[in-house]
Amino acid sequence: MSNEGRDLNRVELWRVVPRSVPFAIGITSSDICNFRCVYCNQSTIEGIKDAQVLTWDNFILIINQIEDLLKNGKDDLKIIRFIGNGEPLVNKKLPDMIRYISEKKICNRIEVTTNGSLLTNKMSDQLIDAGLTRLLISVQGTSSKKYQDICGFNIDYDRFVDQIKYFYDNKGSCGLFVKTVDIALDNSDDEKKFYDTFKPISDVTCVEKIIDACENVDYSSITNKDISHETRYGGSYNEKKCCDTLFMYLNIHSNGDVDCCGCKYPPLYIGNVYDKPISKIWNGEVHKKIMIEHAKGNRGSIDICKNCKSINSFGSFPEDNLDEHLDEIYNRLCKLD
Ligand code: SF4
Ligand code: SF4
């Protein structure tokens, strides 16, 4: 697998679920993006529901709720990721948010996934100084022309590479991961150019596969390849009965909506943090009922899950596959309060 972007030191998930705390919480600091990547819902007429920038007050509310979840849970939180359906750096408070989390010491790692276009030397200094653990940059090609084709953005490519180099040269212990997507590379020469450019100025560099993640995107208009059996990180494709991310991840959107999906749009919403605290969403009846349906092999009873392709294509780590242990997981879920 080409996935150095995710933790390769994985436990067998079936042994540790259900968890009182997710492994990772994703916070969307901005559902607004300055790109319109052809494979992303941002490029569609439907766009992203209720897109906005997360306010500082709502960020504090979310962190307070995470602290409350941790206080009452028995598991630890490995990662808080600034990720989502928009560009995190659109939110100018992002370095302050990272510092706030870092000082609270509520998770082991803090990560940001960005398109990197808004990176400046000053922003790099602020992110590193704030306590960021790893920056993940998604590159959309090896030239300004390709950027126009893939995401409709006019980028000064040399400046963009220089900004990444600055981050790399000044990052201290912070990790830097640079990835691109297969459709942004025309051929093997282009792939070589990608690695030649970014390998010397990153810790890890890789090419991910495009997957059928957004319902509103017509993938056949983007690629001639049959992507129905591709996995994002190149692992083997399996038709799964039970969704693993449902048991691992919790994502909070800028409007407060919560889901437990991997890479999927629209996701399956299970609550909103402005109506109900995270502890009552993660450990609540809605989430439990959905987990039970999946553990019964009955995800077809939930419309969004029934048609979800991401379930088979997103993670594909053998350690995460729950399908061989569904009876045991079902029994554990039934014993939850
Ligand atoms: S940069 Fe990310 S969020 Fe923005 S359009 Fe591209 S894939 Fe979507
Ligand atoms: S099956 Fe798909 S829609 Fe359902 S929880 Fe998993 S990722 Fe989300």
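## Close-up views of a predicted model

**View 1. Strands E3 and E4, joined side by side in the predicted model.** Strand E3 and strand E4 pair in the parallel sense, with four bridges between them. Within this pairing, glutamate 111 stands opposite arginine 134 of E4. The chain passes between the two strands by way of helix H4 (residues 121-130), and E3, H4 and E4 together make a right-handed β-α-β unit.

**View 2. Strand E4 and its two covered faces.** Strand E4 spans residues 134-139, and six of its six residues are buried. On one side of the strand lie Arg134, Leu136 and Ser138, while Leu135, Ile137 and Val139 lie on the other, and the residues of both sides are all buried. E4 also pairs with strand E5 (residues 175-181) in the parallel sense, here over six bridges, and in this pairing leucine 135 has leucine 176 of E5 as its bridge partner.

**View 3. Strand E2 with its partners E1 and E3.** Strand E1 (residues 24-27) and strand E2 run parallel and are joined by four bridges, with isoleucine 79 of E2 as the bridge partner of alanine 24. E1, helix H2 (residues 56-72) and E2 form a right-handed β-α-β unit. E2 likewise pairs with E3 (residues 109-114) in the parallel sense over four bridges, and phenylalanine 82 stands opposite valine 112 in E3. From E2 the chain crosses through helix H3 (residues 94-104) to E3, and this β-α-β crossover, too, is right-handed. Strand E2 itself (residues 79-82) is covered on both faces, with Ile79 and Arg81 buried on one side and Ile80 and Phe82 buried on the other.

**View 4. The residues around ligand 1.** The shell around ligand 1 includes the cysteines Cys33, Cys37 and Cys40, together with Phe35, Tyr39 and Gln42. Asn85, Gly86 and Asn115 are also among the residues around ligand 1. By class, this shell divides into five nonpolar and four polar residues, with no charged residue.

**View 5. The second largest cavity and its lining.** The structure holds four cavities of 30 Å³ or more, and the second largest cavity contains about 180 Å³ of space. Its lining is made up of 19 residues, and those nearest its centre are Cys243, Thr245, Cys261, Gly262 and Cys308. Helix H10 (303-306) and helix H11 (310-313) each supply at least two residues of this lining. Sorted by class, the lining residues of the second largest cavity are eleven nonpolar, five polar and three charged.

**View 6. The largest pocket and its lining.** The largest pocket has a volume of about 260 Å³. It is lined by 13 residues, and Arg19, Ser20, Asn283, Leu336 and Asp337 are the closest to its centre. Helix H9 (residues 285-295) contributes three residues, the largest share of this lining. The lining of the largest pocket comprises four nonpolar, five polar and four charged residues.

**View 7. The second largest pocket and its lining.** The second largest pocket holds about 220 Å³ of space. It has 15 lining residues, of which Asp7, Arg10, Phe23, Lys78 and Met248 are the closest to its centre. The lining of the second largest pocket divides into seven nonpolar residues, one polar residue and seven charged residues.

Terms used: Residues numbered from 1 in each chain as written. Chains lettered and ligands numbered in written order. Predicted model: local features only at pLDDT ≥ 70, side-chain atom pairs only at ≥ 80, totals over all residues. Heavy atoms only, no water. 1 Å grid on protein atoms, 1.4 Å probe; cavity = no way out; pocket = protein on both sides within 12 Å on 5 of 7 lines; lining within 4 Å. Points joined across faces, edges and corners; volume = space filled by probe spheres on them. Nonpolar A, V, L, I, M, F, W, Y, C, P; charged D, E, K, R; others polar. Near = heavy atom within 4 Å. Buried < 20%, exposed > 50% of the residue type's maximum accessible area, 1.4 Å probe, protein only. Pairing = 2+ DSSP bridges. Right-handed = clockwise from strand over helix to strand, strands pointing away.
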